[in-house]
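Subject: Structure handover

Hello,

The structure is below for you to look at. My notes come after it.

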Amino acid sequence: MTALAAAPPRPRAAGYWAAFAIVVALLVIAPTLLPPFWQRFVTEILIWGLLAMSSDILIGYTGMVSFGHSAFFGLGMYGAAAALLTVKPPTLSLALLYGLIGAGGVAVFVAFFATRLRDIYFGISTLVFSQIFYVIIFTWTEVTGGENGLTFRQPPLSILGLWSIPFTPTTFHWFVLAVVAVSYLVVRRITQSPFGMVLQSIRENEPRTRAIGYHVERYKIVAVMLSGLFAGLAGVLYAIQNKFAAPDFVFFTVSGEVVIYNVMGGMGTLVGPFAGAAFFLLLREGLSRFLTEYYLIPVGIIFIIMIIFLPQGLLGFLRRRLNS
Amino acid sequence: MLILENVDAHYGKSHVLHGVSIEVRAGEVVGLLGRNGVGKTTTLKAIMGMARRTGGRITFEGRDLEGVPPHGLAGLGIAWVPEERRIFRLLTVLENLRTGLDRPGVTPAHRDALLDKVYAYFPILKERRNQAGGTLSGGEQQMLAIARAMMLEPKIILLDEPTEGLMPRMVAQIQEIVHALHRDGVAILLVEQNVPLTLDAAGRVYIMEKGTVRHHASAAELRADQRVIHEYLGV
Amino acid sequence: MDQIIIQTLHGLVNGMVLAMVASGLTLIFGIMDIVNFAHGDLLMLGAFVGATVLGMTGSYWLALLGAAIVIAILGALLQVTTLRPLIGRDPLTTILATFGISLVIQKYALWQWGPSVRQISEPVRGDFNLFHLQYPWYRIVTAVLAGLILTGLWLFLKYGKYGIWIRATTQDRVMAQAMGIPVPLVYTAVFAIGSAMAAASGVLFGPFAGVTQTMGFDFTVRAFVVVVVGGLGNLGGSILASIFISLLESYAAILVSPAQAVIVSFVVLVLTMLFRPTGLFVPTPR
């Protein structure tokens with residue numbers, strides 16, 4: 001497999017980093033230029049984009065479709081909630097930790113099944129698992145607040161207890177941007193590494209990858225863990241931004257929207273999910289002014305048309321470039 | 001009637017047929033010989049629209065088969081008996097036959113007549129008519145596959161290795177069927193590894209090697225001079 | 001003890017309705033490898049159409065027929081416009097496409113009929129007396145109707161000329177085409193039949209709990225479970241599995257809340273996928 005040969009030279013690296021720097025710079029200035037509503041909107045795009053990117057690890061790189069990302073996201077939210085409600089004073093680091101542990105736990109569980117189920121069975125089982133979590137969270141009112149969820153105060157920005165400043169929407173935005181940017185770079189590094197190459201090889205031709213001698217199961221488990229952790233991270237960020245955790249976010253709808261962002265933005269690109277999230281959320285924002293909740297009718301139709309005529313998504317054309 | 005002109009075909013990325021030219025006239029039995037893997041089955045699949053044709057033309061009774069959808073070939077009069085037989089295993093023998101019998105324009109009387117005719121050729125099928133196709137023996141399945149094709153009342157039958165894996169008694173039966181079909185005026189493009197049977201049944205024979213036609217002669221000529229056969233088929 | 005009898009009846013009745021839903025889904029999957037995410041939503045749309053027809057004509061039977069026909073036509077249109085172009089592509093794309101259709105249908109129903117719950121009144125009033133227990137007649141009638149419709153479907157597939165076409169295409173699409181069977185038409189027809197079955201199920205289920213936009217999702221998920229447990233593409237298996245799963249859920253509802261009872265089906269599903277992936281009632285192929 002050429003993908004496993006020596007790393008190819010990257011002449012386009014300069015162009016890539018320039019683009020990256022520009023995008024980040026724009027996102028840094030954004031809160032100062034935009035009115036509060038749109039400021040928040042951009043922050044949300046980053047969070048949903050992170051969630052969709054985590055799904056891209058599975059869908060775009062390993063070839064495993066997950067319809068249950070809401071479980072990872074939701075457990076991240078509730079994990080953060082647990083930290084912020086049970087430990088006084090509420091700390092950011094603890095919220096992150098608990099959230100990641102929560103999501104990680106679910107990921108281990110799902111990973112176990114990932115290795116034993118292929119293709120469509122895996123997809124269905126992820127859907128089923130997220131629904132099981134939904135039911136448990138929805139009905140276990142004493143612990144999870146049931147239907148109403150949990151509310152809590154936003155923790156201040158603090159790093160290892162050194163200093164502590166309450167968040168403002170702007171500083172929170174920068175915090176999210178930092179987390180998302182670092183996450184993106186980390187995941188990118190991983191997908192470009194030999195490990196990532198094996199994942200792509202699994203997506204292209206699993207039996208052949210196995211025949212060459214790779215323990216496909218182990219790679220899949222790691223992929224699911226990674227995906228789950230970053231999804232959980234997105235959940236923590238969302239919980240902190242909104243100061244609540246609710247079962248709605250564990251329901252299938254979130255998983256479905258994640259898949260939409262992946263498809264619309266372009267699978268296997270890592271940046272595509274962000275574009276997909278932005279595209280969908282902008283469409284929703286724009287159309288819901290005229291159509292209220294019926295915005296999903298034209299957006300749904302656009303989604304279907306894209307599947308038929310633009311299956312590679314908005315940024316799909318970048319896929320080769322980004323994965324050289 | 002059926003003319004392949006310079007046909008190139010691809011299976012995925014591999015270029016399997018190179019400039020294949022074959023003709024079968026109405027009522028003729030034409031043999032297609034060659035070792036395993038030379039492209040005989042692919043040639044039939046190209047006619048049936050199942051291999052990607054990348055060059056040349058295939059016409060039937062003057063009509064280019066290019067735009068014809070896969071389910072339109074039966075209506076034109078082309079029937080296919082594939083190498084693996086591919087009978088519908090979960091359908092009964094009768095239901096298998098009905099897939100060819102239930103065509104527009106066939107009156108109930110005509111249907112019964114066709115069934116009687118086929119049962120006369122293959123009494124065993126009548127006996128097993130309510131049995132699932134998958135429970136039949138190899139030879140019986142081959143007979144069913146041919147009978148099913150006959151239900152289409154075709155002008156030409158593409159017969160792919162009908163005697164493969166059959167006992168000598170069955171092979172003789174197949175030989176008789178081919179003769180009978182010929183007598184009925186049905187053209188046959190017979191792909192086979194069984195040389196004596198082919199030389200006996202066919203009028204003309206094409207010999208393929210490595211995806212192209214290497215030799216073309218009448219069966220009589222090939223019977224008379226066995227060297228050609230030796231050269232291409234090593235028998 | 002009384003609880004058990006009632007729950008058994010519930011399980012059997014619900015199982016028959018679920019069997020109708022699942023049979024459409026498994027037929028569609030068996031013949032064209034499409035996992036129809038929108039199946040439950042077609043059921044929901046059928047229920048709404050049925051409620052509307054009932055409102056206009058006052059006849060439950062017309063509602064049933066009307067819903068089936070309208071949704072059959074819709075199903076055929078959907079298949080031709082959005083699913084036919086996707087034939088031959090990665091199976092993921094059809095799941096996504098039917099998912100998109102599901103979203104559009106849900107919101108369309110909301111737009112067309114508003115958020116309030118619609119009622120479909122029972123076709124038959126009164127209760128049936130079993131020992132000293134009372135059980136609504138209409139539920140028994142529903143189960144019988146479902147059984148009749150399923151029997152009709154089975155007969156059609158077994159003996160009809162088109163039934164043979166459908167079964168042949170399911171087993172070997174290429175050979176069916178070679179025999180002159182117009183496979184693209186068969187695909188459309190099967191999708192239409194599946195949709196009609198879903199719509200009829202919606203009308204049958206209507207009197208049980210009212211008609212809402214979100215009722216579809218639950219059915220879709222349960223139907224998935226049944227189709228896998230019964231064996232993908234296996235009609236008889238999905239009927240057995242429907243009754244099995246519904247009975248299990250009904251019994252579980254004695255101990256936990258109905259919302260939680262659904263976890264039982266999920267557990268069965270996961271166990272089936274792990275240990276008997278070809279289906280619980282299907283012998284594992286050698």
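The notes cover confidence, chain contacts, some helices and two loop residues.

This is a predicted model, in which local features need pLDDT of at least 70, side-chain atom pairs count only at pLDDT 80 or more, and totals for chains, interfaces and linings use all residues. Residues are numbered from 1 along each chain as its sequence is written, while chains are lettered from A and ligands numbered from 1 in the order in which they are written.

Confidence

The predictor gives the complex an ipTM of 0.90 and a pTM of 0.89. For pLDDT (the predictor's confidence in each residue, from 0 to 100), chain B averages 89, with 100% of its residues at 70 or above. Chain C also averages 89, and 99% of its residues score at least 70. Elements here are helices (H or I, at least four residues) and strands (E, at least two), taken as DSSP runs and numbered from the N terminus. Within chain B, the lowest mean pLDDT among the elements, 80, belongs to helix α10 (residues 227-233), and the highest, 95, to strand β6 (residues 78-81).

Chain contacts

Two residues are in contact if their C-beta atoms, placed from the backbone, lie within 7 Å. Of the 2 pairs of chains that touch, A and C have the most contacts. There, 27 residues of chain A meet 32 residues of chain C. On the chain A side, α5 (119-139), α11 and α13 each give two or more residues, and α5(A) gives the most, with 10 residues. By class (Ala, Val, Leu, Ile, Met, Phe, Trp, Tyr, Cys and Pro are nonpolar; Asp, Glu, Lys and Arg charged; the others, Gly among them, polar), that side has 20 nonpolar, 5 polar and 2 charged residues.

Between chains C and B, 16 residues of chain C are in contact with 20 residues of chain B. Helices α6 (161-171) and α7 (173-178) of chain C each supply at least two residues to the chain C side, which has 10 nonpolar, 3 polar and 3 charged residues. Chains A and B do not touch, and their nearest C-alpha atoms are 16 Å apart.

Helices

In chain A, the 20 residues of helix α12 (residues 272-291) should span 28 Å at 1.5 Å a residue (1.5 Å times one less than the number of residues); the end C-alpha atoms are 27 Å apart, which agrees. Its buried residues (20 or more other C-beta atoms within 10 Å; exposed is 12 or fewer, partly exposed in between; C-beta atoms placed from the backbone) include Phe274(A), Phe279(A) and Phe280(A). Among the elements that cover them are α2 (36-62), α11 (252-265) and α13 (296-309) of chain A. Just after α12(A), Thr292(A) takes a positive phi of about 45°.

In chain C, helix α4 (residues 91-113) has 23 residues and an expected span of 33 Å; its end C-alpha atoms are 33 Å apart, in agreement. Gly114(C), just after α4(C), has a positive phi of about 75°.

Loop residues in chain B

Most residues other than glycine have a negative phi. Arg85(B) has a positive phi of about 70°, and Arg86(B) one of about 50°. Arg85(B) is in the loop between β6 and α3 (93-101) of chain B, as is Arg86(B). Arg85(B) is buried, with 24 other C-beta atoms within 10 Å, whereas Arg86(B) is partly exposed because it has 19 C-beta neighbours inside 10 Å.

Regards
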